[in-house]
Amino acid sequence: MSSPPIRLEAVLAEIGSVAVAVSGGVDSVTLAALAHRVLGPDAALMVHAASPAVPAEATARVRAEAARAGWSLRVIEAGEFSDPAYRANPVNRCFFCKTNLYGAIARVTDRTMASGANLDDLGEYRPGLDAAAEHGVRHPYVEAGLDKAAVRRLSRDIGLGAVADLPSAPCLSSRVETGIRIEPEVLAFIHAVERRVGAALGAGGDAKRAVRCRVRAAGIVVELDPTSLAALDGPGRGELEGWIAAQAPGRLAAGAVRFEPYRTGSAFLVGRGAGAGASA
């Protein structure tokens with residue numbers, strides 16, 4: 001039986017002309033890099049959606065890798081912030097996000113679309129996969145049998161360096177508690193908090209570290225992996241709490257700021273829309 005990387009190359013070759021949705025994380029960047037190597041720039045198109053929900057450094061990473069490797073790249077706007085269903089932030093918000101994304105990609109190319117979903121994603125609530133199915137999106141990692149760990153190994157093997165060790169980074173909207181409207185200024189605040197806390201902890205570029213700024217009805221919660229939470233002690237913690245409170249926009253400024261252990265998908269509340277918790 002062939003190895004997963006060999007099967008992945010075979011899947012890409014079978015697809016032929018492909019449009020890879022590239023968010024800027026390890027999964028999609030690695031898939032884009034391999035598609036470019038296997039199919040070449042004429043057959044492999046990379047499409048990145050710039051959005052208030054996508055950190056600027058993710059967009060910069062995609063542009064830099066495209067320039068370095070010679071990808072064929074289109075940067076588009078998916079338009080999800082014009083969709084009231086997305087902005088309302090139901091628990092299946094990702095369905096509306098991906099519906100807008102794949103619809104936008106389909107308007108710029110008729111190629112088969114491919115995502116960076118891997119086997120681990122199938123064990124979580126991922127309403128975006130329903131949108132992918134409706135748009136005929138292929139998932140090469142799933143078809144070839146690669147989980148997240150295998151994707152990271154592949155990323156290292158093909159020379160992507162620091163990309164292989166990027167922490168998981170779902171979109172910024174995933175930090176907003178179900179039912180709280182998605183607002184660009186709140187997402188900008190979330191991103192600023194995560195960057196500031198991550199810098200204070202030296203947490204950049206470590207796949208095992210987690211820094212999530214959650215916006216909840218009850219206030220602002222910064223969730224950290226156990227190592228980071230243990231390291232955040234003494235006067236530094238109080239200084240960060242004060243800085244976060246001072247930066248909070250609008251009604252968030254009146255809420256409490258807390259630091260808690262990281263919990264996957266903790267911003268998703270069952271009972272506010274369809275489905276259950278998701279990874280974020």
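Reader: What is the mean pLDDT of the protein chain?

Author: This is a predicted model, in which local features need pLDDT of at least 70, side-chain atom pairs count only at pLDDT 80 or more, and totals for chains, interfaces and linings use all residues. Residues are numbered from 1 along each chain as its sequence is written, and side-chain values use heavy atoms, leaving out hydrogens and water. Here pLDDT is the predictor's confidence in each residue, from 0 to 100. In the protein chain 94% of residues reach 70 or more, and the mean pLDDT is 91.

Reader: Is strand β2 enclosed or open, and how many of its residues are buried?

Author: Strands are DSSP runs of E, at least two residues, numbered from the N terminus. Buried means under 20% relative accessible area, with a 1.4 Å probe and protein chains only. Strand β2 (residues 44-49) is largely enclosed by the rest of the structure, because its buried residues number six of the six.

Reader: Which residues point the other way from A44, M46 and H48?

Author: In a regular strand, side chains alternate between the two faces of the sheet. In β2, A44, M46 and H48 point one way, and those on the other side are L45, V47 and A49.

Reader: Which residue of β3 stands opposite A49?

Author: Two strands pair if DSSP finds at least two bridges between them. β2 and β3 (residues 72-76) pair in the parallel sense over five bridges. Opposite A49 in β3 stands I76.

Reader: Where does pLDDT stay under 50?

Author: Where pLDDT is low, the predicted coordinates should not be read in detail. The stretch with pLDDT under 50 is residues 272-277.

Key. Buried means under 20% relative accessible area, exposed over 50%, partly exposed in between (1.4 Å probe, protein chains only). Helices (H or I, at least four residues) and strands (E, at least two) are DSSP runs, numbered from the N terminus. Contact means heavy atoms within 4.5 Å.
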